[in-house]
Amino acid sequence: MSRIIFICAFLLCFSAFDAISKGNKRLPAERKQLEALRITGGIKIDGDLSEPEWALAKESGGFTQYEPYSGVAASEQSTVKVLYDDNALYIGAFLHDSNPNSIYRELGLRDQSDNLKSDAFSVLVSPYNDGINYQEFLVSASGVQTDFKYVGTSKDRNWNAVWLSHTQISDNGWYVEIKIPYSALRFSKNGSNSWGINFVRLIKRHNERSSWNPIDRTNSSVLVSQSGELTGLSGINPPVRLSFSPYLSAYADKYAGADGFEYKVNGGMDVKLGLNESFTLDMTLIPDFGQVKSDDRVLNLSPFEVYYDEQRGFFTEGTELFNKGGIFYSRRIGSRPAYYGAARESLASNEVVYENPIETKMLNATKISGRTSSGTGLGLFNAITDAAYARIEDTITGEKRKIRTQAFTNYNMVVVDQTLPYNSYISLANTNVLRSGDDYIANVTATEVLVRDPSNQYAFKGIGAVSQHFANEDVNGYKYRLELHKTAGAWLGNVWHNVESDTYNPNDMGYLQNNNEFSYGGEVTYRRLVPFSKFLDLNTWAGFSQSKLFEPRAFTRNEVYIGARSTLAKNNLTLGVDMSTNLKDEVDYYEPRRTGSKLIIPKHTSMSFWTSSDYRKPLALDTKMGYWYAERMAQDGYWVSLSPRMRLNNYIMVVYTVRQDYEANNLGYADSNQTDVFIGSRNISTLTNTVDGRFSLNANSVFSLRVRHYWRWVDYKDFSILLSDGNLTPTAPMDDKDKNYNIFNLDLTYQWNFAPGSVLSVVWKNAIETSESQVNTDFLDNFGTMVGNSASNSLSFKMLYYLDYQSLRRKKSVS
């Protein structure tokens with residue numbers, strides 16, 4: 001199998017690189033053009049295009065649908081104009097609407113306007129005009145901003161820029177006026193007089209998307225690069241890109257069980273500096289991440305680490321380069337100390353641990369990233385965390401001591417990425433972690449390549465990585481993954497092969513659930529993107545996968561699956577179904593938590609069904625349900641999820657989600673001693689209730705609420721000793737293995753974007769966590785017991801103010 005993939009990959013690479021030598025074909029052959037008008041006077045961004053400069057600018061229209069119908073004229077007329085001066089690009093658009101009272105204009109949080117029940121307009125700009133690098137600036141009819149950054153098919157939702165926009169609703173449509181400062185863009189001093197550009201309009205009541213330069217949606221790999229051209233630009237110089245965002249924060253914290261509040265005041269600064277027209281330095285000094293959203297924590301019964309999404313802004317914005325190679329997991333920085341458990345393990349008689357920080361303190365973090373006009377991307381990252389100590393006290397003598405749980409640690413990453421013709425790229429990445437006091441160095445180097453053929457119909461992707469650990473004993477490992485894809489047309493497909501050696505370990509700065517894997521698989525997809533019969537679209541898929549250990553090459557599991565999804569034209573109801581089955585029993589080498597042991601898990605079959613109603617309605621409903629069963633041991637389970645979405649008006653939105661999971665006779669690790677591993681047969685119930693609410697005062701002032709209660713209980717029924725062949729033999733019952741776990745989080749946030757790039761936020765967090773060894777299956781009784789426990793509370797205030805060097809300089813020159 002792997003030899004076939006290698007041969008196909010070689011042939012595809014050869015044909016693509018042969019085409020590369022014949023010229024760049026990233027952009028469509030026929031492109032619409034719009035000439036920009038240079039101006040000298042200022043433009044007020046108020047949604048009113050009555051200034052004389054707009055009357056002189058050339059106008060263009062003729063938008064073409066790409067959803068739901070592809071290639072037909074938009075149902076409403078749209079016209080756009082572009083102005084520019086020495087400081088910014090200005091876009092004016094009039095979006096005609098034959099029924100302006102039906103323009104949707106829901107309010108919401110910044111960077112979420114593409115998910116609102118609102119009409120929207122966006123401009124995609126590519127100063128390099130290369131078909132690869134784009135920034136998208138989107139504004140809803142209600143005035144909510146969202147911005148994205150694209151590199152090929154990679155979309156960075158967390159990229160943020162400071163720009164101005166305003167909308168106005170009229171008797172025959174709505175107007176959009178946008179100002180994009182050159183500091184929000186990247187271009188060279190001697191760059192082209194023509195930039196890539198496209199304009200996109202969303203008419204929400206029709207779920208209709210149209211673009212100024214036509215987009216072929218059947219070629220999913222190059223949607224962004226199907227742009228037109230903005231001409232007439234001259235005499236534009238890239239500005240000095242320097243901004244400061246000082247912050248001041250204050251906290252009143254009361255921890256569970258504590259007698260009173262702790263108060264603290266923090267101050268720091270984020271700095272952005274354009275090193276040249278292509279590269280930007282981002283630095284956070286004395287960072288404060290206390291207001292980030294609470295994690296959706298769970299009771300982990302698996303042998304693997306739980307993956308949690310990054311919530312800290314510095315680590316989510318502008319990090320698309322650092323995702324190359326799949327070796328960077330930013331949650332490692334400032335996480336639990338490496339030797340957190342060593343404090344309790346070192347206790348003598350009569351000693352207790354009275355302080356043991358669960359996070360290391362981050363002192364600062366810096367990243368440099370950018371891309372040249374020739375398509376070379378460079379990313380440099382550095383973060384430093386202070387040493388962490390646990391403190392121990394002798395309860396008889398009162399003597400105190402401390403033990404270091406992690407040394408002063410330096411985290412580094414370097415990425416080089418080169419874009420290639422036909423939306424291809426090749427990259428090299430390296431992470432390095434140095435714990436100075438422990439003489440510990442972890443080094444991981446990875447390469448990633450994506451090669452598309454000239455027609456953008458086929459693609460080859462490859463990833464290779466090597467890990468090195470230098471400590472008391474040097475350990476090296478490697479991985480590679482190869483993929484072949486068909487990416488365009490009605491029929492799509494892929495085959496893949498993945499290898500991770502038993503010594504490969506990127507987890508000092510990356511995330512890998514488990515290594516020691518040799519796996520392969522494939523999938524075939526058939527889709528119809530144009531409405532037909534009673535359906536708006538159709539997606540069907542079927543695939544398989546099989547996994548083995550890398551060392552020894554022993555079978556672990558396989559799976560065959562099929563599925564389909566479609567949206568009905570009459571009521572916009574989306575339906576989906578899938579089914580999967582194992583062809584033979586699974587062999588789990590990880591659940592026993594002991595090297596050389598294995599657990600045979602009966603093969604099982606699962607089925608699921610889901611629906612999603614029309615989000616444009618005041619009340620919508622998402623449902624998910626599924627059932628699985630095994631061939632023996634009376635194992636089965638189900639899951640049911642209901643999620644009503646209530647939009648009371650343009651200002652208030654509430655989403656309630658309840659999900660119940662139940663597993664009967666699940667097999668899992670219970671305990672072990674020097675000779676035996678004990679496996680328990682257990683019933684597991686998991687109930688999660690979540691409420692997400694939003695109340696928007698206007699486009700810049702929003703209250704948001706998130707309440708989550710997670711309840712999982714584990715009831716052990718029988719116990720067995722694990723045999724060497726993976727089967728079980730019954731043994732005596734064991735005590736204190738049941739679990740009843742609750743976690744309750746409430747996050748109430750007020751956010752006011754009081755000036756461009758400047759934010760004032762007030763956050764209240766409430767958290768309760770309980771864990772008991774006696775199962776309580778009564779929901780109301782369990783909930784009442786939980787809320788009777790001591791809670792942690794945090795009330796915080798933070799103000800961040802954006803200062804732009806160019807704006808300050810212009811104000812000074814005027815005065």
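Which residue is the bridge partner of Phe244 in β45? In this predicted model, the partner is Leu803. That pairing is a handy way into the fold, so let's start with the strand that carries Phe244 and work outwards.

## Around β15

β15 covers residues 242-254, and β45 is a short run at residues 803-804. The two strands are antiparallel and share 2 bridges. β15 also pairs with β44, residues 792-800, again in the antiparallel sense and over 8 bridges. Within that pairing, Leu248 sits opposite Met799 of β44. Then there is β16, residues 262-274, which is joined to β15 by 12 bridges and runs antiparallel to it. Here Ala250 faces Val265 of β16. A general point helps when you look along strands like these: in a regular strand the side chains alternate between the two faces of the sheet.

Here are the three pairings of β15 side by side.

| Partner of β15 | Residues of partner | Direction | Bridges | One facing pair |
|---|---|---|---|---|
| β16 | 262-274 | antiparallel | 12 | Ala250 and Val265 |
| β44 | 792-800 | antiparallel | 8 | Leu248 and Met799 |
| β45 | 803-804 | antiparallel | 2 | Phe244 and Leu803 |

## The chain as a whole

Zooming out, the secondary structure adds up to 6 helices and 45 strands. The C-alpha atoms fit a box of roughly 90 × 60 × 55 Å along the principal axes. How does the radius of gyration of the chain sit with that of a compact globule? For 815 residues the globule would come out near 28 Å, and the chain has 29 Å, so the two agree. Of those 815 residues, 50% count as buried.

## An open sheet and two cores

One open sheet has 5 strands, in the order β2-β4-β5-β11-β10, and its pairing is mixed. Its edges are β2 (37-38) and β10 (164-170); each has a single partner strand, so one side of each has no neighbour in the sheet. For β2, the pairing with β4 (residues 78-84) is parallel and rests on 2 bridges, with Leu37 opposite Leu83 of β4.

Now for the packing. The largest nonpolar core has 36 residues, and the members that touch the most others are Phe121, Ile180, Trp195 and Phe199. At least two residues of this core come from each of β4, β5 (88-96), β6 (120-126), β7 (133-140), β11 (173-181) and β12 (195-203). Apart from it lies another core of 24 residues, including Leu321, Phe381, Met413 and Leu512. As a rule, in soluble globular proteins, nonpolar side chains tend to be buried together.

## One cavity

How many cavities of 30 Å³ or more does the structure hold? There is 1, and the space in the largest cavity is about 50 Å³. Its lining is made up of Ser294, Asp295, Asp296, Arg706, Val707, Arg708, Asn745 and Asp747. By class, that lining has 5 charged, 2 polar and 1 nonpolar residues. Both β40 (701-722) and β42 (739-755) supply at least two lining residues, and β40 gives the most, with 3.

## Backbone oddities

In general, most residues other than glycine have a negative phi, and most peptide bonds are trans. A few spots here go the other way. The peptide bond from Glu67 to Pro68 is cis, with omega near -10°, and Pro68 belongs to the loop between β3 (64-67) and β4. Another cis bond runs from Glu551 to Pro552, with omega near -5°; Pro552 is in the loop between β30 (535-548) and β31 (555-568).

As for phi, Asn665 has a positive value near 60°, and so does Asp736, also near 60°. Are these two buried or exposed? Asn665, in strand β38 (residues 652-672), has 19% relative accessibility and therefore counts as buried, the cut-off being under 20%. Asp736, in the loop between β41 (728-731) and β42, is exposed, with a relative accessible area of 65%.

Last stop: Gly693, in strand β39 (residues 677-698). At 17% relative accessibility, Gly693 counts as buried. The C-alpha atoms of Gly693 and Phe703 are 8.2 Å apart, with the two positions 10 residues apart along the chain.

Methods. Residues are numbered from 1 along each chain as its sequence is written. This is a predicted model: local features need pLDDT of at least 70, side-chain atom pairs count only at pLDDT 80 or more; totals for chains, interfaces and linings use all residues. Side-chain values use heavy atoms; hydrogens and water are left out. Two strands pair if DSSP finds at least two bridges between them. Helices (H or I, at least four residues) and strands (E, at least two) are DSSP runs, numbered from the N terminus. A nonpolar core is a set of buried Ala, Val, Leu, Ile, Met, Phe, Trp, Tyr and Cys residues joined through side-chain atoms within 4.5 Å. Buried means under 20% relative accessible area, exposed over 50%, partly exposed in between (1.4 Å probe, protein chains only). On a 1 Å grid over the protein atoms alone, a cavity is a set of points where a 1.4 Å probe fits but cannot get out, and a pocket is an open set with protein on both sides within 12 Å along at least five of seven lines; lining residues have an atom within 4 Å of a point. Grid points are joined across faces, edges and corners, and a volume is the space filled by probe spheres set on the points. Ala, Val, Leu, Ile, Met, Phe, Trp, Tyr, Cys and Pro count as nonpolar, Asp, Glu, Lys and Arg as charged, and the others, Gly among them, as polar. The radius of gyration is taken over C-alpha atoms; the globule rule is 2.2 Å times the number of residues to the power 0.38.
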